[in-house]
Amino acid sequence: MSPTMAAATPGLGSAAELLLRRLEQAGADAEAGICSLEAAQALDLDHQVLVGAVKSLQSLGEVIEAEQRTFKKWELTPEGKEIVQEGSHEVRVFNSIPFEGLLQSELMKLPSGKVGFSKAMSNKWIRLDKSSEDGPRIFRAVESVQDSVREKLLQVQQGEEDSLEEKDKNELKKRKLLAEVTIKTYWIRKGSAFSTTVAKQETDLTPEMIASGSWKDLKFKAYNFEALGIMPECGHLHPLLKVRSQFRQIFLEMGFTEMPTNNFIESSFWNFDALFQPQQHPARDQHDTFFLKDPAEAIDFPMDYLKRVKRVHSQGGYGSQGYKYEWKLEEARKNLLRTHTTSASARMLYKLAQQEKFTSTKYFSIDRVFRNETLDATHLAEFHQIEGVVADYGLTLGDLMGVLKEFFNKLGITQLRFKPAYNPYTEPSMEVFSYHQGLKKWVEVGNSGVFRPELLLPMGLPEGVSVIAWGLSLERPTMIKYGINNIRELVGHKVNLQMVYDSPLCRLDV
């Protein structure tokens, strides 16, 4: 074997060298070929190592020819090998019983006790005496035994399994002492280009080869056009979309119905007035809301309902004194980009009130809302809001807290606290806090409350019907649910925890 082989074919190693030497030494007999399994045994190599050398040599062209062959053979299992060394379980049990017998309880403590006792009893090598005063006792029933199980396993180990009957093999297989395995080997012959000094095949045609003409004397490796290429990078769902689908599934599991929220453009009436939010409220200022220029105003309203809303704002009613100001229709008609999805909740509750008979219901929505913010490290003009609404007779703050706990528990957020708060359209109102393991402090995750009568009764809902509701941004619970380490993994680089929490990803002002 030439030293050129090792230098010219890096990666084949000594296994390929030994295989080529063996084929060379076989001489004329090599026309018939050699078996890879026998060659591996003769060369003291692991068979899989030799198979790797065969495949490497095949990639070099016609150096060798290799035909894959398969056959089945019987092999000893680890338990079978143990029996060859120490004897069968039944023989070990028989040998452990003295002349005066052995308590069954003591026999069962032996490593081979349970299996050996059963087989020895079947062979009638031992007998059980239940009349003994100290408990059932085992005695030998014969003077000596022959370990036929071990003898049969020895035959298999020595390659003489053909001398065993099929029923004996199946019995040993049933006892998990033998296993039938499929062996894949290669029948190897010299190829038309066989040589013990195989030069490395070129894989690239370079400009230098063309310029010098050396390519004419070189041998190039054939292209494998059936080889699979590198899988292209596929798209991935955004973390917010993943969590959004989880939120949606949780709502559906809790029996909620999804509200239509495909109208990003909303009138001030539904966005503010219907929610008993006064027209001089700071949130209605241009600094906080995107108002539209074209179309600037909405024209279609349920006029009876609009008049009741106007009355409760300016004069009061339903047990309320209202805000005592001059309510203006032109202000209510202004179109805007909705600042919350509660406008969709107001529309659905009004629709519910128009039914002949009230039916309890549960609504939810997950969609985008817009705020006229100055863009900076902690504010964006667009984010997602999650909203849940439950309408039924006699609902209380306790019902709201129970629903919130169930909702957040399904999300995996179990540590919750509630704090009194103020909202224009809910009374009582609560802020929801969760303990953040990364920040080691309580952080606000949402707002909630019971809708005021000034909001519900003008719609036409029956007296005694209560509506509990809550809202939160999609981004902040995502942070709490996944944790900072998973967020770092999702975005692919190191992130400062407090910076992420304070960023628009986790904005709260829903």
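1. Strand β4 (residues 126-129) is joined to strand β5 (residues 137-140) by four bridges, and the two run antiparallel; strands count as paired if DSSP finds at least two bridges between them. Within this pairing, Leu 128 has Ile 138 as its bridge partner in β5. Strands here are DSSP runs (E, at least two residues), as helices are (H or I, at least four), and both are numbered from the N terminus.

2. The model is a predicted one, in which local features need pLDDT of at least 70 and side-chain atom pairs count only at pLDDT 80 or more, whereas totals for chains, interfaces and linings use all residues. Residues are numbered from 1 along each chain as its sequence is written, and side-chain values use heavy atoms, with hydrogens and water left out.

3. Strand β5 also pairs with strand β3 (residues 102-103), to which two bridges join it in an antiparallel arrangement. Here the residue in β5 that partners Leu 103 is Arg 137.

4. Turning to charged side chains, the count comes to 19 salt bridges, the term being taken as a side-chain nitrogen of Lys or Arg within 4 Å of a carboxyl oxygen of Asp or Glu. Side chains of opposite charge can pair when their charged atoms come close.

5. Lys 119 and Glu 171 form one such salt bridge, with an N to O distance of 3.8 Å between their side chains. This pair links distant parts of the chain, since Lys 119 lies in helix α8 (residues 113-122) and Glu 171 in helix α10 (residues 166-174), 52 residues apart. Lys 119 is partly exposed at a relative accessible area of 27%, and Glu 171 is likewise partly exposed, at 38%; on this scale buried means under 20%, exposed over 50%, and partly exposed in between (1.4 Å probe, protein chains only).

6. A salt bridge also connects Glu 382 with Arg 368, whose closest N and O atoms are 2.9 Å apart. Glu 382 belongs to strand β11 (residues 382-393) and Arg 368 to strand β10 (residues 361-370), so that the pair, 14 residues apart, again links distant parts of the chain. Glu 382 is partly exposed, with a relative accessible area of 34%, and Arg 368 is partly exposed as well, with 31%.

7. Salt bridges that share partners join Glu 82, Glu 86 and Arg 92 into one network. Within it, the side chains of Arg 92 and Glu 86 meet at 3.2 Å, N to O, and Glu 86 is exposed, with a relative accessible area of 52%.
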